[in-house]
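Here's a quick tour of a protein model, written for someone who'd rather be at the bench. Have a look at the structure first, then read on.

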Amino acid sequence: MDSSPACVSFIGIVDFTEDANWVYCSESVYDLLGFEPHELIGTSSLLLVHPDEFSEVKELHYTTISADQAAVLAYLRMKHKDPYRGYILCGISRTVCQNVLVGSVSFAAPGPKAMHNASTAQEVKIITPTAKDLEFRRWNDPNPMPPCNIAPSRSVSPDHGRRRDTRAKAISFDPLPEMSVRTALILDRFSVNCGILYCSNDSLMSTTTCMGRSFFDFVSRKDEDLVRSWIDVIKSWGVNERGQPSDGGFGFGKFTLLVRGRDSSIRPPDPVPSRHRSGTNTHSTDSHQQSRARDARPPYHHSSSGGPGAGHRDRERERDRYRDRDSRGGGRTRADEERIVDAIFSAHSDGLMVILRPSST
């Protein structure tokens with residue numbers, strides 16, 4: 001049986017400390033590196049880096065965070081648990097999400113998929129020299145999610161770039177402060193509703209509110225079809241040459257986020273067909289259209305007092321109750337309920353990742 005890890009990638013999240021400790025690993029880490037998630041969480045991700053590349057990778061960890069970067073890709077070697085497997089050349093994507101570094105790790109091999117992944121990244125960093133052929137970028141490509149204005153990072157360490165064990169002289173730094181507001185979501189890629197499996201913080205939406213719900217509950221109804229089409233494309237990118245789920249580069253978009261969510265399973269009724277249709281059975285067609293129009297109307301609200309205006313009065317009372325509830329909850333307004341967000345979408349072997357940040361427009 002072929003034991004190549006080329007079909008897998010896993011999602012990983014590390015903290016801002018100089019050790020880059022694992023905060024989260026998806027289950028596919030076992031298929032790629034041989035570790036169970038619980039064996040890595042809480043340990044330093046740098047322990048898996050090749051000794052010759054340790055100093056440069058640690059410097060990269062620092063500069064990625066301090067520059068508040070998003071959708072950047074690096075190629076480096078990571079250790080497999082089985083010593084006979086040695087070190088595996090991996091492509092690692094990274095995005096700063098406020099107080100954690102979120103990304104994925106995948107097997108790196110030349111081919112169309114590697115070229116596609118590199119062409120959609122905002123920056124490509126080659127650390128392992130043999131990965132030089134994987135660096136492929138479009139010229140003068142504008143960055144759809146530029147970093148915020150952050151002070152320049154520290155200078156490069158003296159041993160930067162030397163191909164030997166540089167762990168003893170790697171840079172040292174205190175835990176870095178929070179960066180700009182971004183939230184990372186991990187979604188179930190194998191379901192139509194894309195249930196939310198993980199939320200990195202409460203900055204844009206409440207973790208307790210969104211966990212376990214459909215991602216589309218938090219997408220405005222007017223944007224839902226468009227966002228669904230984006231996710232379908234991302235899923236199609238995240239398939240390898242064998243037809244298996246894998247990584248697939250980055251997609252960028254903008255949509256309206258519903259902070260408190262809605263029930264996306266309730267779909268609006270189909271529009272009533274035009275009355276001006278071809279055909280001879282006009283009476284039958286009109287009757288069918290009238291029946292559908294009645295079905296599409298909202299139910300009539302009756303009150304105990306009855307009368308022609310009872311339904312209207314009930315709706316007024318319902319709006320009053322809603323306003324009272326909002327006033328008790330801090331005077332929420334429509335602007336508090338909806339936010340325009342920039343989003344980065346990416347597919348991985350066992351999940352979809354969505355990075356959100358407040359849009360500047």
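The largest nonpolar core here has 30 residues, and those with the most contacts inside it are Trp22, Leu33 and Met78. A nonpolar core is a set of buried Ala, Val, Leu, Ile, Met, Phe, Trp, Tyr and Cys residues joined through side-chain atoms within 4.5 Å. Keep in mind that this is a predicted model: local features need pLDDT of at least 70, side-chain atom pairs count only at pLDDT 80 or more, and totals for chains, interfaces and linings use all residues. Residues are numbered from 1 along each chain as its sequence is written, and side-chain values use heavy atoms, with hydrogens and water left out.

**The big picture**

- The protein has 9 helices and 11 strands; helices (H or I, at least four residues) and strands (E, at least two) are DSSP runs, numbered from the N terminus.
- Of the 361 residues in the protein, 47% are buried, where buried means under 20% relative accessible area, exposed over 50%, and partly exposed in between (1.4 Å probe, protein chains only).
- Take the contacts (heavy atoms within 4.5 Å) between residues at least 6 apart in sequence: 63% of them join residues at least 24 apart.

**The cores**

- Elements giving two or more residues to the 30-residue core are β1 (9-14), β2 (22-25), α1 (29-33), α3 (54-66), β3 (72-79), β4 (87-97) and β5 (100-107).
- Trp22 has plenty of company: not counting residues up to four places away in sequence, its contacts include Phe10, Ile13, Val14, Leu40, Ile41, Leu48 and Met78.
- Another core, of 24 residues, lies apart from that one, with Phe215, Ile234, Leu257 and Leu356 among its members.
- As a rule, nonpolar side chains in soluble globular proteins tend to be buried together.

**Strand β7 and its partners**

- How many residues of β7 (residues 183-187) are buried? The count is 5 of its 5.
- Both faces are covered, with Thr183, Leu185 and Leu187 buried on one side and Ala184 and Ile186 on the other.
- β7 runs antiparallel to β11 (residues 351-358), joined by 5 bridges, and isoleucine 186 stands opposite methionine 353 in β11.
- β7 also runs antiparallel to β8 (residues 196-199), this time with 3 bridges, and leucine 187 stands opposite isoleucine 196 in β8.
- For strands to count as paired, DSSP has to find at least two bridges between them.

**Aspartate 15, a buried charge**

- Aspartate 15 sits in the loop between β1 and β2.
- Aspartate 15 is buried yet has no salt bridge, and the nearest side chain of opposite charge, lysine 58, is 11 Å away. For charge, Lys and Arg count as positive and Asp and Glu as negative, while His and the chain ends are not counted.
- Leaving aside neighbours within four places in sequence, aspartate 15 is in contact with Ala20, Asn21, Val23 and His61.

**Salt bridges**

- A search of the whole structure finds 12 salt bridges; each is a side-chain nitrogen of Lys or Arg within 4 Å of a carboxyl oxygen of Asp or Glu.
- Glutamate 39 and lysine 81 form one through their side chains (2.7 Å, N to O). Glutamate 39 is in helix α2 (residues 37-40) and lysine 81 in the loop between β3 and β4, so the pair ties together parts that are 42 residues apart in sequence.
- Glutamate 39 is partly exposed, at a relative accessible area of 29%, and lysine 81 is partly exposed too, at 41%.
- Arginine 262 and glutamate 224 also meet in a salt bridge (2.6 Å, N to O), and both are buried. Glu224, Arg228 and Arg262 are linked in a salt-bridge network.
- Aspartate 342 forms a salt bridge with arginine 357, the closest N and O atoms being 3.2 Å apart. That pair links strand β10 (residues 338-348), home of aspartate 342, to strand β11, home of arginine 357, 15 residues apart.

**Positive phi and a buried glycine**

- Aspartate 68, in the loop between α3 and β3, has a positive phi near 55 degrees and is buried at 0% relative accessibility.
- Glutamine 98, in the loop between β4 and β5, has a positive phi near 65 degrees and is buried at 10%.
- Glycine 249 belongs to the loop between α6 and β9 and is buried at 9% relative accessibility. Its C-alpha lies 9.3 Å from that of methionine 115, 134 residues apart along the chain.
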